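Colleague: I'm new to this one and would like a close look at a single part of it. Could you take me through it slowly?

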Amino acid sequence: MTKSKKLLTAMLLSAIIISFSACGFSENTPAIAPESSENSSSLPESSSEPEAAEPEEITEPEPVPEPSFSLSAHLVEKGGYITVKAENVDLSEAVFTDIMGNSRRFFEKNGKWYCFIPVKPDTEAGYYPIEISSEDYNYVGGVIVLDKNFKKQYLVVEQATLEATIEDTAVREAFAEFFEEKRFYFSEEPLWEGEFAMPLGNSWYKETTSFGTFRTFSSGRTEWHDAIDMAAGGGTPVFATNSGKIYFAGILGLTGNTVIIDHGCGIMSWHYHMNEIKVSEGDFVDKNTVIGTVGTTGLSTGNHLHFGISVGGVFVDPNLFLGTEPDLDFGEAAE
């Protein structure tokens with residue numbers, strides 16, 4: 001290359017370099033903004049540390065109470081009764097067999113469940129187990145039946161009366177059928193209110209036969225007397241011993257003019273031999289309502305009221321009710 005050509009080439013290169021430097025950055029070249037002391041961070045400055053989240057409170061479920069059963073007593077005399085009480089369980093469908101071999105159901109009151117277990121006067125003394133169980137509960141307990149000395153009585157009855165009543169097979173069988181049909185009736189609601197009153201009110205009477213008396217008739221027949229006989233003047237008013245529904249009112253061959261009151265939950269009062277009946281079947285009566293008058297109809301030797309109380313179809317001593325009421329809370333304060 002000649003000297004003049006070298007000089008020309010060098011001059012062209014210098015011009016290109018100078019031209020490129022003067023153009024600066026192209027439009028596609030990102031500009032870098034100068035740092036600012038006020039905007040040195042893209043996050044806002046916090047004045048305090050962030051609060052920690054409170055732990056979520058855990059509530060423990062309430063414990064489910066276990067079913068519990070209790071007895072009003074563990075000792076009972078012949079002709080008495082005990083009460084079973086159950087809590088924290090639904091026994092609306094429960095059925096169990098009691099110490100007498102009878103099926104029993106419970107009734108509900110104030111959120112608790114109850115059942116009466118009666119004891120006949122001719123029950124053998126001794127220990128009797130009680131078991132109430134299902135898939136959800138199992139109660140095993142027992143009661144001791146204590147012996148009791150009942151009176152004995154020899155009763156002279158006119159032959160004509162015997163032949164028309166206890167010696168008449170048809171009359172006797174008709175009453176047995178009636179009794180078996182009626183005695184186990186069970187209404188689930190308590191109908192009684194407070195204490196049971198005297199069926200003869202304040203009228204004078206003499207107890208001629210006590211409950212449980214082993215009686216022998218002049219014909220030779222024997223029976224356990226399942227009530228108390230209250231001798232009083234003919235026509236003396238007979239009162240409802242407590243509130244309830246008239247379950248039966250009519251005449252029967254053995255018991256004459258008869259009234260039965262359902263007091264609820266298996267408790268019934270029975271009134272025999274009356275002269276007049278002043279109520280009708282299905283009536284609801286309050287305590288001390290006049291239901292009839294004393295008489296001597298049926299198998300009777302004189303004016304008197306045969307007054308009995310049955311619990312679950314079994315007659316018990318009426319004196320256990322008169323002047324008191326079934327203690328469903330076993331002496332505890334009522335809720």
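Is C265 buried or exposed? And please carry on from there into the strands around that spot.

Modeller: Happy to, and keep in mind that this is a predicted model. C265 is buried, with a relative accessible area of 3%; the cut-off for calling a residue buried is under 20%. You'll find C265 in the loop between β17 and β18. Its backbone is worth a look too: phi of C265 is near 60°, a positive value in a residue other than glycine. Most residues other than glycine have a negative phi.

There's another residue to set beside it. N288 also isn't a glycine, and its phi is positive, at about 75°. N288 sits in a loop as well, the one between β20 (284-285) and β21 (290-293). With a relative accessible area of 43%, though, N288 is partly exposed.

Now follow the chain out of that first loop into β18, which spans residues 267-274. β18 pairs with β22 in the antiparallel sense, over six bridges. To find the pairing on screen, look for I267, which stands opposite V311 in β22.

β22 (304-311) is the strand I'd spend some time on. Eight of its eight residues are buried. In a regular strand the side chains alternate between the two faces of the sheet. In β22, H304, H306, G308 and S310 are on one side, while L305, F307, I309 and V311 are on the other, and both faces are covered.

β18 isn't the end of the story for β22. β14 (228-231) runs antiparallel to β22, joined to it by four bridges. Here the pair to pick out is I228 and its bridge partner in β22, F307. Then there's β23 (314-316), which is also antiparallel to β22 and is joined to it by three bridges. V311 turns up again here, with V314 as its bridge partner in β23. β22 and β23 form a hairpin with two residues between the strands, and G312 in that hairpin takes a positive phi near 60°.

These strands also feed the largest nonpolar core, which has 51 residues. F116, W192, W270, L305 and F321 touch the most other members of that core. Several elements supply at least two residues each, among them β14, β17, β18, β22 and β23, along with helix α3. The largest share, five residues, comes from β18.

Helix α3 takes us to one more feature. Residues 169-182 make up α3, and five of them line the largest pocket, the largest share of its lining. That pocket has a volume of about 1,100 Å³. Of its 43 lining residues, F175, E223, W224, H225 and D226 are the closest to the centre. By type, the lining divides into 18 nonpolar, 15 polar and 10 charged residues.

Finally, there's a sheet to find while you're looking around. It's an open sheet of three strands in the order β10-β12-β13, with mixed pairing. β10 (152-155) and β13 (222-224) each have a single partner strand, so one side of each is left without a neighbour in the sheet. Neighbouring strands here are turned by 20° against each other on average, direction ignored. β10 pairs with β12 (residues 214-217) in the parallel sense over four bridges, and K152 stands opposite F214 in β12.

Key:
Residues numbered from 1 in each chain as written. Predicted model: local features only at pLDDT ≥ 70, side-chain atom pairs only at ≥ 80, totals over all residues. Heavy atoms only, no water. 1 Å grid on protein atoms, 1.4 Å probe; cavity = no way out; pocket = protein on both sides within 12 Å on 5 of 7 lines; lining within 4 Å. Points joined across faces, edges and corners; volume = space filled by probe spheres on them. Nonpolar A, V, L, I, M, F, W, Y, C, P; charged D, E, K, R; others polar. Pairing = 2+ DSSP bridges. Axes fitted to C-alpha atoms, helices over the stretch in contact; angles between N-to-C directions. Core = buried A, V, L, I, M, F, W, Y, C linked by side-chain atoms within 4.5 Å. Buried < 20%, exposed > 50% of the residue type's maximum accessible area, 1.4 Å probe, protein only.
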